[in-house]
Amino acid sequence: MFEGLTERRRLMRTAPHLCRPIEFLFPGYHGERPSVSTLAVGVALYNALALWRPPASRGRRLSPGALYSLAPHLRTARLAGAVAYVDCQTDDARLVLENVLDAEANGATVANHLRAERLLHDHRGRVVGAALADPETGARFEARARLVISATGPFTDSFLSSDGDGAPHRLRPTLGVHLVFDAARLPHRDKALVLRSPRDNRVFFALPAGPRTIVGTTDTDWTAARPPRVDDDIRARGEDVAYLLEAANHAFPSLGLSEDDVLSTYAGLRPLLATSAHSPSETSREHEIASAGNGVLAIAGGKLTTLRRMGEEVVDRSVEVLQAAGLERPLEPCRTADRPLPGGGALPDALAAARLDADVTAHLAVAYGTRADRVLALASASPELARRIDPELPHLWAEVVHAARAEHARDVTDVLRRRIPVFRDARDQGLGAADRVAAILADELTWTPARRARAIEDYRAAVASSRRWRDD
């Protein structure tokens, strides 16, 4: 926890647009555990581990009446009050993207969608590189290196076992599912709520997301007989949606939320380390770096907040390995703890001067930070690009062009799912915009008609997969 809070503080300095303080309200009820007093002690310990530095505060206790004024749809029976604390909210895809862009700006070669099909070995069996495939062109080639690092997240076990690693499974992957609701149906007032499921007393959240409210997450073991693979259909299941709807209706009984209120779902796998923990929620969120003894370092486990520290540690370890093997090149010390990410500087003056709608200005500020001027320049040059992709959402068509030119977007799913959250937030999940996005990408990336059609079909398949829970 201390490590995570330390890294959170660094992210607030290096990427303030992506690591934004938000108040969390944790209600307590008479006759239920934990009590408000216990919650207050927990928040005090949490803030102490944060060394009482921003965004940590001393927390505050709320009376039932004060809590009701902030969350009027919350269950009031036997409500004892709440404890408030401050944490941060981020856009995970954009945080990862900015780390990729930062690496590229400092010399890394970035190749989105390039696949490592297998590792290459010398005559002694030592790994000396990887066989790569480009799914867009079908080209195959080899990249050779003195050391290979596996940072393959929840797919670590399947990737290393395909190489004949033979090691026991390192991970206990767990599935996390979120539901997305219209904020008019589940109001949030820019506060996050920490709640508990009536079924198993497990914590879940109701999180503000502009015009939407996100409810989640689940934490269930990956039940397949083998480790997960990149091509697996990782999605919400009917039982996951039922669990979260039950929990949400227990917390907000007057709203009567149903399956029809679910605008979208999204899911992912946590790369938790395999331990003897009884339940997924008790499993450690720490990470480890292991040497396979054959020219491969594997980093596994961890959580999003500590991504920078994980990167620093695995690079330090790789330097030790390479120097032990005779590398004499001088190396500079790690600077990522203090170097701003690409959008981490001051907001451009042009953003305030653009006279955009307030929600569009706010979105560009938090999504792009100091890089927002590039999107503004595209929007200023073309009235069509200055229009909204969806009338309910603050995203502009200029962002599609920017994603292709400056953010390594290579297909429609990249744009609408991992650059702009239309897949998550639009009522049609971006199906109505997919054709035009594909047309823009075709111009930017010189696609053939067949490539354009395939990109649209792939996006439709991704949307269909996210909705398959309705048939479970």
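## Helix 10: two sides

Start with the face of helix 10 that points away from its buried side: in this predicted model, that face carries the exposed residues S380 and A381. Helix 10 itself covers residues 372-381, and its buried residues are A372, V375, L376, L378 and A379. Look down the helix axis and those buried residues fall within an arc of 160 degrees, so they line one face of the helix. The general rule behind such patterns is that an α-helix has 3.6 residues a turn, so residues three or four places apart point the same way.

What do the buried residues of helix 10 pack against? Their partners are helix 8 (349-353), helix 9 (358-368) and helix 11 (398-406).

## Helix 15: length and packing

Helix 15 takes in residues 449-466, and its length checks out: 18 residues at 1.5 Å a residue should span 26 Å, which agrees with the 26 Å between its end C-alpha atoms.

On the buried list for helix 15 are R451, A455, I456, Y459, A462, V463, S465 and S466. These pack against a mix of elements, namely strand 13 (264-270), helix 12 (412-419), helix 13 (422-425) and helix 14 (434-445).

## A three-stranded sheet with a helix across it

Over in the sheet, 3 strands line up in the order 7-15-14, making an open sheet with mixed pairing. Strand 7 (148-150) and strand 14 (287-291) sit at the edges, each pairing on one side only. On average, neighbouring strands here are turned by 20 degrees against each other, ignoring direction.

Strand 14 and strand 15 (residues 296-301) run antiparallel and are joined by 5 bridges, with A290 opposite A298 in strand 15. Helix 7 (residues 307-324) lies across strand 7, strand 14 and strand 15, and runs at about 160 degrees to strand 15.

Terms used: Residues numbered from 1 in each chain as written. Predicted model: local features only at pLDDT ≥ 70, side-chain atom pairs only at ≥ 80, totals over all residues. Heavy atoms only, no water. Pairing = 2+ DSSP bridges. Helix = DSSP H or I, 4+ residues; strand = E, 2+ residues; numbered from the N terminus. Axes fitted to C-alpha atoms, helices over the stretch in contact; angles between N-to-C directions. Contact = heavy atoms within 4.5 Å. Expected span 1.5 Å × (residues − 1). Buried < 20%, exposed > 50% of the residue type's maximum accessible area, 1.4 Å probe, protein only. Arc of directions from axis to C-beta.
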